[in-house]
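Please open the structure in the viewer and keep the sequence panel visible. The tour below proceeds from one selection to the next and describes what is found at each stop.

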Amino acid sequence: MQLTKNPNNIFVKLLLGFWLCSSLIIALIGLLPLLQQNHDQSELPIPLKRMLERSAERIASNPQILGSEKLKHWSRFKEFKGRPARIYLVDEYGKVLNSHKQSRSLRRFMLMADEAGHPIKHQFRDELIFGPYNFKVEGNPYSLYGRLPEHHPRPWFFFFIDNKILTLSIAILLSGLLCGLFAWHLGKPLRSLKRSADALADGDLSSRVDMATAQRNDEIGQLAQAFNGMADSVEDMVKSQQRLISDISHELRTPLTRLKLSLALSRKKGLATPETERIEYEADQLEQMIAELLELSRVKLNANETKRNLELSESLSQVLDDADFEAQQQQKQLYIDIDESIILPLYPRPLCRAVENLLRNAIRYADTRVSIQAIATTSSVQIEIIDDGPGISDEADLEAIFKPFYRPQSARERESGGWGLGLAIAKAAIQAHQGKITAENQQPNGLKISISLPLH
């Protein structure tokens, strides 16, 4: 596999990102012992060194003290800046001469100083030990070590050295944070791309990936640009198709009008026959089909429409009045439950046509009653149209009924089933609002059409 040398390559970003993240954590953890070693092997401060020098001078000037019992009490305690300091005298064999008990901290420090090869100081938890100061008395080598039993300020990194479990936990947390930020940096444009793809799939042909993502110099930016180009082509193709359908429908109306005019002239001349009556009937059917095709293309193109914040009940008032009248003519009841306080952005004409088609379809197939209700939630308005008719026997038809020219088996007869454009017009109108429409059978019978319209 050949890798591009472009530093914005997504593979290079992933490699460098995780590699640098892990390397940074390892370097920080590995640096702590080095900092401690550098601190432990730092030069002995001059005040502490002078204190050891003065003690060595007193021993050198009074060598007889080395062989007496007073040695165990000699110079064991000194004053250093108002604080008690203890001095330890050590012979060439590492034995402490002026103390019966040798502390573990002192033994450890003596090893550290021997390894360092020069006088150093080290801060333990509750004491500071420093030295050695080497000198000779009567040809015999001796060393002096000092101890300040009080706590002295320690560098910040000693806290992490002494608390290894906490340090490991912080390292894991920091590593997770850095990797999380890096993953967010890569995931944000992908989420933007997914939202645009979902919106396009739901029928929003104007959806595009934002410019911040499209202007990236890596593969994600190239993918966003390709997506926007594809969306432009799809939108142009769909709109061209709808315009073609609209243009054809308009052109078909001209010969259809001439045909109906010729039929009217024939009736005036007394040439009416059963055949001319049939031709006129088919011409009327063709005219209605052309009108619905024009409506479908108009809704999908959303021509000359602007979204406005309107009351739902007021926008649908005429449609509901007409539906109620039609239901009464068929001895059926229409129940309406729409709160007048519901206000949402909508395209009045397409929505009215959608609800009109759905109500007429429900009234046609209902046995005795049809209901329409609207419920407002925090993010959308749910509209439900329910009838008590036979429903749709085949579950597979529940999604297909919204396709143009599709009719389920129960509605194959033209007198009852139309051309399968009414529900397609309704779906196109709902999709123009970025909403959703679904159908489901009711128990024990009936059909429910559910519409979801966004509030924003």
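Begin by selecting Glu127 and Arg147, whose side chains meet in a salt bridge at 2.3 Å, N to O. The term salt bridge denotes a side-chain nitrogen of Lys or Arg within 4 Å of a carboxyl oxygen of Asp or Glu. Glu127 belongs to the loop between β3 and β4 and Arg147 to strand β5, so the pair ties together parts that are 20 residues apart in sequence. Glu127 is buried, with a relative accessible area of 6%; here buried means under 20% relative accessible area, exposed over 50%, and partly exposed in between, with a 1.4 Å probe and protein chains only.

This is a predicted model, in which local features need pLDDT of at least 70 and side-chain atom pairs count only at pLDDT 80 or more, while totals for chains, interfaces and linings use all residues. Residues are numbered from 1 along each chain as its sequence is written, and side-chain values use heavy atoms, with hydrogens and water left out.

**The strands around the first stop**

Next, select strand β3, residues 120-123. Helices (H or I, at least four residues) and strands (E, at least two) are DSSP runs, numbered from the N terminus. Ile120 and His122 point one way from β3, Lys121 and Gln123 point the other way, and all are buried.

Add strand β4, residues 128-137, which pairs with β3 in the antiparallel sense over 4 bridges; two strands count as paired if DSSP finds at least two bridges between them. The two strands form a hairpin with 4 residues between them. Lys121 has Phe130 as its bridge partner in β4.

Now extend the selection to β5, residues 140-148, which pairs with β4 in the antiparallel sense over 8 bridges. Phe130 recurs here, standing opposite Gly146 in β5. β4 and β5 also form a hairpin, with 2 residues between them, and Glu138 in the turn has a positive phi of about 55 degrees.

**Further salt bridges**

A search of the whole structure finds 7 salt bridges. For another of these, select Lys194 and Asp198, whose side chains meet at 2.8 Å, N to O. Both residues lie in helix α5, 4 residues apart, about one turn of the helix. Lys194 is exposed, with a relative accessible area of 53%, whereas Asp198 is partly exposed at 36%.

Proceed to Asp232 and Arg208, which form a salt bridge at 2.7 Å, N to O. This pair links distant parts of the chain: Asp232 is in helix α7 (residues 219-268) and Arg208 in the loop between α5 and α6, 24 residues apart. Add Glu235 to the selection, as Arg208, Asp232 and Glu235 are linked in a network of salt bridges.

In the loop between α5 (164-201) and α6 (211-214), select Asp204. Is Asp204 buried or exposed? At 19% relative accessibility, Asp204 counts as buried. Asp204 touches Ala199 and Gln434, not counting residues up to four places away in sequence; contact means heavy atoms within 4.5 Å. The C-alpha atoms of Asp204 and Gln431 are separated by 7.5 Å, although these residues are 227 residues apart along the chain.

**The five-stranded sheet**

Select the open sheet of 5 strands, which has the order β7-β9-β10-β12-β11 and mixed pairing. β7 (333-338) and β11 (436-441) stand at the edges, each with a single partner strand, so one side of each is left without a neighbour in the sheet. Within the sheet, β10 (residues 380-387) and β12 (residues 447-454) pair in the antiparallel sense over 8 bridges. To locate this pairing, select Gln382, whose bridge partner in β12 is Ser452.

Helix α10 (residues 317-329) packs on the sheet, touching β7 and β9 (369-376), and its direction makes about 155 degrees with that of β7. Angles run from 0 to 180 degrees between N-to-C directions, the axes being lines fitted to C-alpha atoms, for helices over the stretch in contact. Helix α11 (residues 348-365) lies across β7, β9, β10, β11 and β12, running at about 145 degrees to β9.

**The last stop: a cavity**

Finally, select Leu358, Asn361, Ala362, Asp387, Leu447 and Ile449, which line the second largest cavity. The elements that give two or more residues to this lining are α11 and β12. A cavity is a set of points, on a 1 Å grid over the protein atoms alone, where a 1.4 Å probe fits but cannot get out; lining residues have an atom within 4 Å of a point.

Methods
1 Å grid on protein atoms, 1.4 Å probe; cavity = no way out; pocket = protein on both sides within 12 Å on 5 of 7 lines; lining within 4 Å.
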